[in-house]
Amino acid sequence: SKAQASTLGVATLVGYVFGAAMADSLAARWPGARLLRVAMLVCSLSFVACAFEGAGMTWNLLWRTAAGVAGALLMVLPAPLVLPRHDASIRARASGVVFSGIGLGAALSGWLVPLLVTGSASATAAHGVTFAWLGLGAVCLALTAGAWRAWPVETTVAPATMAQARLPGDVRRTVALLLLAHGLNAVGYLAHTLFLPDYVVRELGMPLTMGGLVWAMFGLGAAVGPMLAGTLADAFGLKRCLMAGFALKAVSAILPAWGASATALLVSAILMGLCTPGVVVMVSAYTLERVGTPHHRRAWGLATSSFAIAQAAGGALMAFAATRLDSYQPLFCASAVALAGSVACIALVRERAAPAATLSGSRLLPVITTTPQP
């Protein structure tokens, strides 16, 4: 039923919140590469498990929650594992590669699911929701197998990692501002992801195809955004580009309330798609730049938790408000205000000089390591 489907969506989100909260403690006990392999496998198996018709709500709740936990690990752990192994001059671009999977996954699923449900993707008569679950599971298992041996090799979990559970005083203010900015960032895209197609079709009276088109444009932007954001951040600086990204996202959030033309709606959808994963790329890279390698995983895990909690709370409040408002427009305005708050938070982050090099023999070598420095 519709209510059960909504419950399963909430279960996935709850799992995501718990996974983000547990990521740092899990990574302190087991190598990140091992955790990532397990998380990819769990996500893949969750698709296959949900293909069993008549399995009951308990079974589906279990697997959707597990998928949420694993999805959070796949959001938190790759960047701290991969980014410190690259030179600072290309880290934002490397972060773009890491997070491009968000948009590519959305674009792939948005294209593949309708084909699998209708049977257009198969030469056989097999089609339907069950076939779509199995098809997505097969795709994810293939991607898991392809990435299995590609993760960076980790020898042991550094004992000092456990000591990094508490952030030092000089970075706590920075981390607090980043957490607040990323939490407001989560609220900033909710009106689009929850209500934009319905706003286009139900409130503005446009055809259903137009509602589908604006969502497709969001997915297209999300597929391109991470790489574009990383390239621009390497060229113009992370802080400057991050503030510009939040500001541009705020403009895209309020555009549907400003103008109801097809052009304004499509521009808004594309910009929001570009900025949603693109800003995540820059937040992760900027967190590394500001707090340093030893504290990056901890700080980024907290930022991901902040995003997940704000997303859950903001989504619940917006859903409640939508049933009592005559229009979705105030919700688009609320998202824009939240993103303006994100701009202010980043503006308040103090720039501090991080040690750029260390003396080794007669040469200055950049400090780009994967273990905490004494």
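This section describes the fold, the nonpolar cores, the salt bridges, one helix pair and several single residues of a predicted model.

The protein chain is built from 14 helices and two strands. Of its 374 residues, 45% count as buried. The surface that the protein chain exposes comes to about 17,800 Å², and 69% of this area is supplied by carbon and sulfur atoms. Among the contacts in the protein chain with a separation of 6 or more, 80% join residues that are 24 or more positions apart.

The interior was examined next. In soluble globular proteins, nonpolar side chains tend to be buried together. In the present model, the largest nonpolar core holds 78 residues, and the members that touch the most others are L77, W151, L196, L242, F246 and M282. Helix 12, which spans residues 262–291, gives the largest share of this core, with 12 residues. Another core lies apart from it and consists of five residues, including F47, L112, A132 and L136. Within the largest core, L242 may serve as an example of the contacts made. When residues up to four places away in sequence are not counted, L242 touches V279, M282, V283, Y286 and I346.

A buried residue with a polar side chain is found in helix 8 (residues 169–188), where N185 has its place. N185 counts as buried because its relative accessible area is 0%, and the limit for a buried residue is under 20%. With residues up to four places away in sequence not counted, N185 touches F246, K249, V279, F307, L339 and S342. Of these partners, F246 is also one of the residues that touch the most other members of the largest nonpolar core, and V279 is also touched by L242.

The side chains form two salt bridges. One of them joins R202 and D198, with a distance of 3.0 Å from N to O. Both residues belong to helix 9 (residues 190–203), in which they are four residues apart, or about one turn of the helix. R202 has a relative accessibility of 64% and therefore counts as exposed, whereas D198, at 23%, counts as partly exposed. The other salt bridge joins the side chains of R290 and E289, at 2.8 Å from N to O. In this pair R290 is buried, with a relative accessible area of 5%, while E289 counts as partly exposed at 36% relative accessibility.

Helix 9 also takes part in a helix pair. Two packed helices are described by the angle between their axes and the distance between the axes. Helix 9 packs with helix 13 (residues 293–322) at an angle of about 35°, and their axes are 10 Å apart. The crossing of these two helices is right-handed. On the side of helix 9, the contact is made by L190, A191, L194 and F195. On the side of helix 13, the contact is made by A310, Q311, G314, G315, M318, A319 and A322.

Helix 13 also contains S305. At 11% relative accessibility, S305 counts as buried, since this value is under 20%. In sequence, S305 and G19 are 286 residues apart, but in space their C-alpha atoms are 8.4 Å apart. Leaving out residues up to four places away in sequence, S305 touches A20 and A21.

A further pair of positions distant in sequence involves A51, which is located in the loop between helix 2 (32–49) and helix 3 (57–76). A51 has a relative accessibility of 9% and so counts as buried. A51 and T130 are separated by 79 residues in sequence, whereas the distance between their C-alpha atoms is 4.8 Å. T130 is also one of the residues in contact with A51, together with W133 and L134, once neighbours within four places in sequence are left aside.

Finally, V139 is placed in helix 6 (residues 129–147). V139 counts as partly exposed because its relative accessibility is 29%, which lies between the limits of 20% and 50%. The C-alpha atoms of V139 and F47 are separated by 9.9 Å, although the two residues are 92 residues apart along the chain. Apart from neighbours within four places in sequence, V139 is in contact with L108 and L112. Both F47 and L112 are among the members of the five-residue core that lies apart from the largest one.

Conventions
Residues are numbered from 1 along each chain as its sequence is written. This is a predicted model: local features need pLDDT of at least 70, side-chain atom pairs count only at pLDDT 80 or more; totals for chains, interfaces and linings use all residues. Side-chain values use heavy atoms; hydrogens and water are left out. A nonpolar core is a set of buried Ala, Val, Leu, Ile, Met, Phe, Trp, Tyr and Cys residues joined through side-chain atoms within 4.5 Å. Buried means under 20% relative accessible area, exposed over 50%, partly exposed in between (1.4 Å probe, protein chains only). Contact means heavy atoms within 4.5 Å. Accessible areas come from the Shrake-Rupley method with a 1.4 Å probe; for residues, only the protein chains shown count as cover. A salt bridge is a side-chain nitrogen of Lys or Arg within 4 Å of a carboxyl oxygen of Asp or Glu. Axes are lines fitted to C-alpha atoms, for helices over the stretch in contact, and angles run from 0 to 180 degrees between N-to-C directions. A crossing is left-handed if the near helix is turned anticlockwise from the far one by less than a right angle, and right-handed if clockwise.
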